[in-house]
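Me: I would like to go through some labels used for this structure. Each one should be tested against its cut-off.

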Amino acid sequence: AGMRMALSETDVMGIDTECIPAKGSPTCLLQLATSSAAFVVDLLALSESVELADALTTVLQLDSLTKVGFDAGSDVGRMCKFAPAISPSKIASVIDLQSLEASHRASKSGKSKKHCKEGISLSSLAQQYLGRPLNKSMQVCDWSRRPLSAAQVRYAALDAWVPVQLYKLMRNHVGHVK
């Protein structure tokens with residue numbers, strides 16, 4: 001209830017997921033963040049939670065809530081697999097920061113968006129807009145092992161929180177973004 005309320009009362013929510021880096025592996029964690037809080041949800045432990053699925057359905061379908069992430073489409077797809085009541089087509093206001101930055105660079109350089117997308121990572125965007133790169137060393141760890149270490153939890157929380165901070169800066173810098 002606390003997570004649903006916090007996410008429903010904000011205008012921007014960061015999203016990310018973590019899974020074992022192997023094709024077809026289950027999504028292990030879901031991270032959601034506002035500018036002031038991050039929620040790291042153990043999907044392996046809560047895979048049967050109807051309450052969590054209902055909360056996700058409510059939050060993801062809010063038109064007033066901008067959902068931001070890096071490769072956000074993939075994360076949304078993973079969330080929809082967890083909560084089958086959610087249709088990807090019903091999820092409004094999803095912004096992929098990599099695509100947003102690539103569009104900005106393409107409009108400035110005259111190069112293709114596809115070309116401009118190369119080399120853009122969450123860490124490089126953090127360096128560019130926040131002045132510090134994001135440490136991605138935990139990216140390929142075993143997210144299915146429990147308990148998670150404090151470093152894993154911090155990494156996971158930052159992967160959802162940093163996109164919120166980036167989006168707020170990028171929409172001012174890039175312009176014409178909701």
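What follows is a short exchange on charged pairs, burial and the sheet.

Reply: Go ahead. Keep in mind that this is a predicted model.

Me: What makes Asp 42 and Arg 146 a salt bridge?

Reply: The N to O distance between their side chains is 2.8 Å. The cut-off is within 4 Å, so the pair qualifies. Asp 42 lies in strand S3, and Arg 146 in the loop between helix H6 (122–130) and helix H7 (150–174). They are 104 residues apart, so the pair links distant parts of the chain.

Me: Why is Arg 146 called partly exposed?

Reply: Its relative accessibility is 33%. Buried needs under 20% and exposed needs over 50%, so Arg 146 falls in between.

Me: How do you know that Asp 75 is buried, and what is Arg 78?

Reply: Asp 75 has 2% relative accessibility, which is under 20%, so it counts as buried. Arg 78 has 27%, so it is partly exposed. The two side chains meet in a salt bridge at 3.1 Å, N to O. They are 3 residues apart in helix H3, about one helical turn.

Me: Why does Glu 18 have no salt bridge?

Reply: The nearest side chain of opposite charge, Lys 136, is 5.9 Å away. A salt bridge must be within 4 Å, so this pair fails. Glu 18 is buried all the same. Its side chain makes a polar contact with the side chain of Gln 31 at 3.1 Å. That value is within 3.5 Å, so the label holds.

Me: What does Lys 136 pair with?

Reply: Lys 136 forms a salt bridge with Asp 159, with the closest N and O atoms 2.9 Å apart. Lys 136 is in the loop between H6 and H7, and Asp 159 is in helix H7. Lys 136 is partly exposed at 23%, whereas Asp 159 is buried at 4%. Asp 159 is also among the residues that Glu 18 touches.

Me: What makes S3 and S5 edge strands?

Reply: The open sheet has 5 strands in the order S3-S2-S1-S4-S5, with mixed pairing. Strands S3 (38–42) and S5 (94–96) each have a single partner strand, so one side of each is left without a neighbour in the sheet.

Me: How do you know that S1 and S4 pair?

Reply: 3 bridges join S1 to S4 (residues 66–69), and the strands run parallel. Pairing needs at least two bridges, so the condition is met. Met 13 has Lys 67 as its bridge partner in S4.

How values were computed: Residues numbered from 1 in each chain as written. Predicted model: local features only at pLDDT ≥ 70, side-chain atom pairs only at ≥ 80, totals over all residues. Heavy atoms only, no water. Buried < 20%, exposed > 50% of the residue type's maximum accessible area, 1.4 Å probe, protein only. Lys, Arg positive; Asp, Glu negative; His and termini not counted. Polar contact = N/O pair within 3.5 Å; in protein donor to acceptor, adjacent residues only side chain to side chain. Contact = heavy atoms within 4.5 Å. Helix = DSSP H or I, 4+ residues; strand = E, 2+ residues; numbered from the N terminus. Lists of a residue's contacts leave out its neighbours within four places in sequence.
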